[in-house]
Amino acid sequence: MSRLLSLFVLLCCLLLPAAGVLARDIGPDEARQVLARPPAGLVVLDIRTPEEFRDGHLPGARNLDFFAPDFRQQLEALARKDVPILLYCRSGNRSGQAMRLLRQWGRDDVLHLADGFRSWRAAGLPEEQRPARPGRALSSMDTALCPLSSPLPSMASSAGPWPRA
């Protein structure tokens, strides 16, 4: 009986990673790989302040201020969309809190840059500098910059939202 249980546990450990990627922390190198071959509809979500965002951010990132009065509502709206999310802040604290909210809302496929933008910058990886739009919510940004207000492709037909290791 214990042999059968051991075999079952071993099979689960081998097969579960192939079933899809669970929400997890990643480092800057893995984030770079994701951005190099992004899954369809990827939302790179920077939840720092607009001032922090202006000073530099991941390529293609959208800014949603963690301290904005409607942050939770904006994040929940994103959670309802069937899009892959790469989430980060400066150090991983605010984005870690946002990650917990996303998990509560059923999103178990979010990638989190664990040590935040500072780890990206410390690794010398490319960054963009684009002005944030103060006073405008994420969903009201131009659809070219933020597809949250327009329909996004579903990930249901793909083999999973993230590249395989």
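## A loop residue as a starting point

Pro59 lies in the loop between helix H3 (50-54) and strand S3, where helices (H or I, at least four residues) and strands (E, at least two) are DSSP runs numbered from the N terminus. This is a predicted model, in which local features need pLDDT of at least 70 and side-chain atom pairs count only at pLDDT 80 or more, while totals for chains, interfaces and linings use all residues. Residues are numbered from 1 along each chain as its sequence is written, and side-chain values use heavy atoms, with hydrogens and water left out.

Is Pro59 buried or exposed? Its relative accessibility is 27%, so Pro59 counts as partly exposed; buried means under 20% relative accessible area, exposed means over 50%, and partly exposed lies in between (1.4 Å probe, protein chains only). Leaving aside residues up to four places away in sequence, Pro59 touches Leu35, Val44, Trp120, Pro126, Glu127 and Glu128, a contact being heavy atoms within 4.5 Å. Pro59 and Leu125 are 66 residues apart along the chain, and their C-alpha atoms are separated by 9.9 Å.

## The chain as a whole

The secondary structure of the chain comes to 6 helices and 5 strands, and from the N terminus on these elements run α-β-α-β-α-β-α-β-α-β-α. Of the 165 residues in the chain, 41% are buried. Among contacts between residues at least 6 apart in sequence, 70% join residues at least 24 apart.

## The sheet

In general, strands of a sheet pair through backbone hydrogen bonds, either parallel or antiparallel. Here, 5 strands form an open sheet with parallel pairing, in the order S1-S5-S4-S2-S3; two strands pair if DSSP finds at least two bridges between them. Strand S1 (24-26) and strand S3 (62-63) stand at the edges with a single partner strand each, so one side of each is left without a neighbour in the sheet.

Strand S2 is joined to S4 by 4 bridges, with Leu45 partnered by Leu87 and Asp46 by Tyr88. On the way to the edge strand S3, 2 bridges join S2 to S3, which run parallel, and here the bridge partner of Asp46 is Asn63. Strand S4 (residues 85-88) also pairs with strand S5 (residues 111-113) in the parallel sense over 2 bridges, and Leu86 has Leu111 as its bridge partner in S5.

Both faces of S2 are covered, since Val43 and Leu45 on one side and Val44 and Asp46 on the other are all buried. Both faces of S4 are covered too, with Ile85 and Leu87 on one side and Leu86 and Tyr88 on the other all buried.

## Helices against the sheet and each other

Helix H2 (residues 28-36) lies across S1, strand S2 (43-46), S4 and S5, and runs at about 95° to S1; such angles run from 0 to 180 degrees between N-to-C directions, and axes are lines fitted to C-alpha atoms, for helices over the stretch in contact.

The axes of helix H4 (residues 71-79) and helix H5 (residues 93-104) come within 10 Å and cross at roughly 50°. That makes H4 oblique to H5, because angles under 35 degrees count as roughly parallel, over 145 as roughly antiparallel, 65 to 115 as roughly perpendicular and the rest as oblique. The contact is made by Phe71, Arg72, Leu75 and Ala79 of H4 and by Ala98, Leu101 and Leu102 of H5. These residues divide into 6 nonpolar, no polar and 1 charged, where Ala, Val, Leu, Ile, Met, Phe, Trp, Tyr, Cys and Pro count as nonpolar, Asp, Glu, Lys and Arg as charged, and the others, Gly among them, as polar.
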